[in-house]
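Here are a few short exercises to work through with the model open beside you. Try each one before you read its solution.

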Amino acid sequence: MSELVREIVEVNAYVGGDDESPLLTVEVEGLAPTAGWSRIRLEPHAYITAPDDGVQDFDLVGDRPADPGTAALTEVEAAWEGPLADWLVGVRVHAVDNLIEDEVFEPWDEEDGDEEDGDDGEQDGEAGDDTPGETDTQSAAA
């Protein structure tokens, strides 16, 4: 019987395929509670209506060994590929102890590609790189 693994370590989601048939690929690294887990895979949550947050949920699951042996966290990985939903902006992968989200599309990604406002993007990128702690430290040092 399938169970959630212990912990998610890393999630990488991206769009591949072509313009007519875009594909979502999700790659995950995690930790199982013991060695010997098999059939490690990502199981997508099924939705009747699109989620309000635009995030597709997945469970990282596997089959626990019949004789688990000693408890020692063991690295596992899985990947999933499927059609890209038109509402999707990110993915969220669940384990027993945590979950990790990954944005597939940034909020400012637009299909139009126009930059009529004349902004070269540098100032926006720099502002997005600062965390409140870094900004306060830089201000205090000046």
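A polar contact is a pair of N or O atoms within 3.5 Å; within protein, one must be able to donate a hydrogen and the other to accept it, and residues adjacent in sequence count only if both atoms are side-chain atoms. This is a predicted model, where local features need pLDDT of at least 70 and side-chain atom pairs count only at pLDDT 80 or more, while totals for chains, interfaces and linings use all residues. Residues are numbered from 1 along each chain as its sequence is written, and side-chain values use heavy atoms, leaving out hydrogens and water.

**Exercise 1.** Find what the side chain of Gln 56 reaches.

*Solution.* Start in strand β5, where Gln 56 lies (strands are DSSP runs of E, at least two residues, numbered from the N terminus). From there, the Gln 56 side chain reaches the backbone oxygen of His 45 at 2.9 Å. Next, look at burial: Gln 56 counts as buried because its relative accessibility is 10% (buried means under 20% relative accessible area, with a 1.4 Å probe and protein chains only).

**Exercise 2.** Place Val 91 and list some of its contacts.

*Solution.* Go to strand β7, which holds Val 91. Beyond four places in sequence, Val 91 touches residues including Leu 24, Val 26, Gln 56 and Phe 58 (contact means heavy atoms within 4.5 Å). Finally, compare sequence and space: Val 91 and Pro 44 are 47 residues apart in sequence, and their C-alpha atoms are 9.7 Å apart.

Notes:
Helices (H or I, at least four residues) and strands (E, at least two) are DSSP runs, numbered from the N terminus. Buried means under 20% relative accessible area, exposed over 50%, partly exposed in between (1.4 Å probe, protein chains only).
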